[in-house]
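Let's walk through this structure together, one region at a time. Keep the view open beside the text and turn it as you read.

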Amino acid sequence: MAVKVLKPGLATTVQDLGRPGYYHIGIPLSGAMDRHALVAANLLVGNEAGAAVLEAVFMGPELEFTADATVAITGAELPPKLDGEPRETWTSFRVKRGQILSFDFLKQGARGYIAVAGGIDVPVVLGSRSTYALGALGGFKGRKLEAGDELPIGSAAATGKDGRSVARDLRGQPAGMPTELRAMPGLYWHRITEAAGDGFFSDTWKVAPEADRIGYRFKGGKPLEFVPREPPFGAGSDPSNITDACYPYGSIQVPGGTEPIVLHRDAVSGGGYFMVGTVIAADMDLIGQLQPNTPVKFVKVDMNQALAARKSRSELLGKLHNALA
Amino acid sequence: MQTRFSFGGDEHIFAEVGEAMSLEAFFKSLFITNAVRDARIKGVTEICPANASYQVKFDPDQIKPDDLLTELKRLDSASEKSEPVIKTRIIEIPVLYNDPWTHETLMRFRERHQDPNGTDLEYAARINGLDSVEAFIKAHSSAPWFVSMVGFVAGLPFLYQMVERKRQLQAPKYLRPRTDTPKLTVGHGGCFSCIYSVRGAGGYQMFGITPMPIYDPNQNISYLRDFMCLFKPGDIVKWKPIDRAAYDAAVADVDAGRFAPVIRDVLFSLTEFNRDVDAYNAKLDGVLHGR
C-alpha cells in the first residue's frame, strides 16, 4: 500500500529516531525533533516505537490512502480531518482506501507526527529512515515531500487498533509561559562576563523566525559582553569566534554575542562560534514544539539536576509504553 | 598543552586541547579520539575529533558522566608519551581557481564582502602581502594541507596549511554569510581552507572549484561506493591547479565513472616534518607522484 501526497505542507519529512554514529564526518543524528511525540504516534497505531513517521511543521499535508490503514497524529495541535470530517489528535483512527487525510490550521505547538500502521517504508540509509535534507540523505529521496510523491507503507504486522488515545499528562508537551529550557552553562562560558552570564539566564528571549531542524534562534535578550582577549591563532578576530570546534546537540552558540542559536537534530556538527552552554537532553523535545515569537527562559541547572530531569522524562516514556502496551 | 574539559549538557564531553590552532593540538586530538575509539568504552556513541579540540557523546544511562571524564583525562595524559606519527593518505585535489561559478556567486553577494570592488582572490592576495592572484594561487597550492576536521555539513573537510605559521595564508570570513555557495567550492576562512561538499550557505572566501565530488549520498561515484564521504581527519590534501579544459575533461570523466583520484598511503611524522618543512613536503609530493 502507499500514501499519495496531494499537498506537501510547508516542510514535511520522513523521520524516525535518527542516525547516530556519523557526527564525526558531519552527518547529524536527524530524526524527530519531538521524539516523545513520535514514539506516542507509533505506539498508538501498533508500530514499533522507532518506526518512521511523517513530521509536519506548522502546516499539515494532504494525503490520499491507496488501502485501508490505521493512523494517529501526535505532537502539535494540528487538527486532522478525514474527508473533511474532524478527527482527534493523540488518538488512533481508521482510514479507508481512497479517503483523504487533511489538516486544519495549527492551534498549538509546531510539529505534528503522522504515524501509519506499518511505518513509512523508505530505504534505510546508514541505519535510519530519517531525512537529512541539507545532505540530501535518507527519507524520501533525501528531501521534504512534494505533491505527487508516493510513500510506501510497510506491511502492518499488527493491524493497528483504532480509538486508542494518550492521556494529556503523558504527552510531554511544553507547558507554561514562558517556556523554560533547562541548560548547563559550560563549553566557552568563560568568554562572557559574570553580568552577561546572569543576564542570559534572567532575560526573557523569544523564538526568532529562523527556527528549523538545524537550530532555533532566539532574540530579545541583552547582548552578551565578552571578557577581553588576544584572538588565538586560527580563531578569527570577532570576540565570539573560536578555533572551529565540534558543536554538541543542544549547544547554545551566540554569534556576535547577540542572538543565541540552539542546535537541534539536524545540527551543523561544528564551526567557529563560541557556546555558552547546552540545553539538557530532557528538554530538546520541547524546543521542537516552539513557534516563532514564543517567550522562552533559559534555566540554569547542574549535572545532577540534568540527570534527574532525564530520569523523569524517561519515566514519562515508560508510562506511555505501559499505557499503550 | 593542558586540555580543558567541559560537559556539553548531560550527553557530551567537550575537550579543548589548544585555544589556538596548531598541528600539535590537532595531533593530540586525533590521537586521543583514536584511543577512545580503540578503548570501546560502553555508552560512548559519537567520537568527534576537531581542529584543536574533540568531543565525545555518551549515554549517561550507561556510563556516569564523571567516570567517562576520568577515563578521558587518563587517555589525555597517556597521549603525552605517544610518538606523533600517523598512517594516513595523501590525496590530490584538482582545482580550477578563479572559475566562472564562484565568480558569479561572489559578485552576487558583493555587498556582504570586505572589498566590494575586487574579487575574493584579489582581496586575499592583497591582505596576505602577495602582489598578484597568480602568486596567491601558487602560495595556496604549493604546500600540502592537513584535513584537521570533517564536519559542519556532511563530508566537508577543514584544511590546515602545512607550512610555518608566518607563511600561512589567512583571510577573514565574509562580513555577513552568503545564502548560497556552489557545490565543491574551495573556500577559506581564518587559517582554514575547506571544500563545500554540498551547495548552501557559507561565509568563507571563495577561490575556485574542484571537479571531484567529495560527498555522494547515492554512492554512484566510483570512488565513493564504499562510503559516501571521501575525507577523514588526518588525510593530507595537495591542490593541483588546472585550467578550464582539464576541468571539463575531469567533469566528463566523473560523469562517465572513469575518474580515478590520485590517492597514496603515507606515513606522516610530525617530528620529521617540523625538522625541515619544505624538504618533508617535497618528499610527500614524491609519494603522491610515485617518485
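In this predicted model, a good place to begin is chain A, where helix H1 (residues 35-44) packs against helix H4 (residues 303-323) at an angle of about 10 degrees. The axes of H1(A) and H4(A) lie 10 Å apart. Angles under 35 degrees count as roughly parallel, and H1(A) and H4(A) are therefore roughly parallel to each other. Which residues make the contact between H1(A) and H4(A)? From H1(A) come His36(A), Val39(A), Ala40(A) and Leu43(A), and they meet Leu317(A), Leu320(A) and His321(A) of H4(A). By residue class, this contact of H1(A) with H4(A) holds 5 nonpolar and 2 polar residues, with no charged ones.

Staying with chain A, turn next to its open sheet of 6 strands, which has the order S7-S6-S9-S4-S1-S11 and antiparallel pairing. The edges belong to strand S7 (85-86) and strand S11 (150-152) of chain A; each has a single partner strand, so one side of each is left without a neighbour in the sheet. Further in, strand S6 (residues 80-82) and strand S9 (residues 100-103) of chain A are joined in the antiparallel sense by 3 bridges. You can find the register here from Pro80(A), which stands opposite Phe103(A) in S9(A).

The edge strand S11(A) also leads to a loop worth a look. Arg143(A) sits in the loop between strand S10 (108-116) and S11 of chain A. Is Arg143(A) buried or exposed? Arg143(A) has 17 other C-beta atoms within 10 Å. A residue is buried with 20 or more such atoms and exposed with 12 or fewer, so Arg143(A) is partly exposed. Setting aside neighbours within four places in sequence, the contacts of Arg143(A) are with Ala133(A) and Ala136(A). For a sense of scale, compare Arg143(A) with Leu38(A): they are 105 residues apart in sequence, and their C-alpha atoms are 19 Å apart in space.

Another set of strands in chain A centres on strand S13 (residues 205-211). S13(A) pairs with strand S20 (residues 295-300) of chain A in the antiparallel sense over 2 bridges, and here Lys206(A) has Pro295(A) as its bridge partner. S13(A) also pairs with strand S14 (residues 215-219) of chain A, again antiparallel, over 3 bridges. Where S13(A) meets S14(A), Val207(A) stands opposite Phe218(A). A hairpin of 3 residues connects S13(A) to S14(A).

Now move across to chain B. Its open sheet of 4 strands runs in the order S1-S2-S4-S3, with antiparallel pairing. At the edges are strand S1 (4-8) and strand S3 (44-49) of chain B, each pairing on one side only. Neighbouring strands of this sheet are turned by 15 degrees against each other on average, direction ignored. Helix H2 (residues 65-78) of chain B packs on the sheet and touches S1, S2 and strand S4 (53-58) of chain B. The direction of H2(B) makes about 30 degrees with that of S2(B). Within the sheet, S1(B) and strand S2 (residues 12-16) of chain B run antiparallel and are joined by 5 bridges; in one of these pairings, Phe7(B) has Ile13(B) as its bridge partner.

Two helices of chain B make a useful comparison with an expected span. Helix H1 (residues 23-39) of chain B has 17 residues and reaches 24 Å from its first C-alpha to its last, close to the 24 Å expected. Buried residues in H1(B) include Phe26(B), Phe27(B), Leu30(B), Phe31(B) and Ile32(B), and Lys28(B) is buried too. After H1(B) comes Arg40(B), with a positive phi near 45 degrees. Helix H8 (residues 277-288) of chain B, with 12 residues, reaches 17 Å, close to the 16 Å expected. Just after H8(B), Gly290(B) has a positive phi of about 65 degrees.

Finally, bring the two chains together. How many residues does each chain give to the contact? Chain B gives 44 residues and chain A gives 41 residues. On the side of chain B that touches chain A, the elements giving two or more residues are S1, S2, S3, S4 and strand S6 (145-150) of chain B. S3(B) gives the most, with 5 residues. This side of chain B divides into 25 nonpolar, 12 polar and 7 charged residues.

Terms used:
Residues are numbered from 1 along each chain as its sequence is written. Chains are lettered from A and ligands numbered from 1 in the order in which they are written. This is a predicted model: local features need pLDDT of at least 70, side-chain atom pairs count only at pLDDT 80 or more; totals for chains, interfaces and linings use all residues. Two strands pair if DSSP finds at least two bridges between them. Axes are lines fitted to C-alpha atoms, for helices over the stretch in contact, and angles run from 0 to 180 degrees between N-to-C directions. Two residues are in contact if their C-beta atoms, placed from the backbone, lie within 7 Å. Ala, Val, Leu, Ile, Met, Phe, Trp, Tyr, Cys and Pro count as nonpolar, Asp, Glu, Lys and Arg as charged, and the others, Gly among them, as polar. The expected span of a helix is 1.5 Å times one less than its number of residues. Angles under 35 degrees count as roughly parallel, over 145 as roughly antiparallel, 65 to 115 as roughly perpendicular and the rest as oblique.
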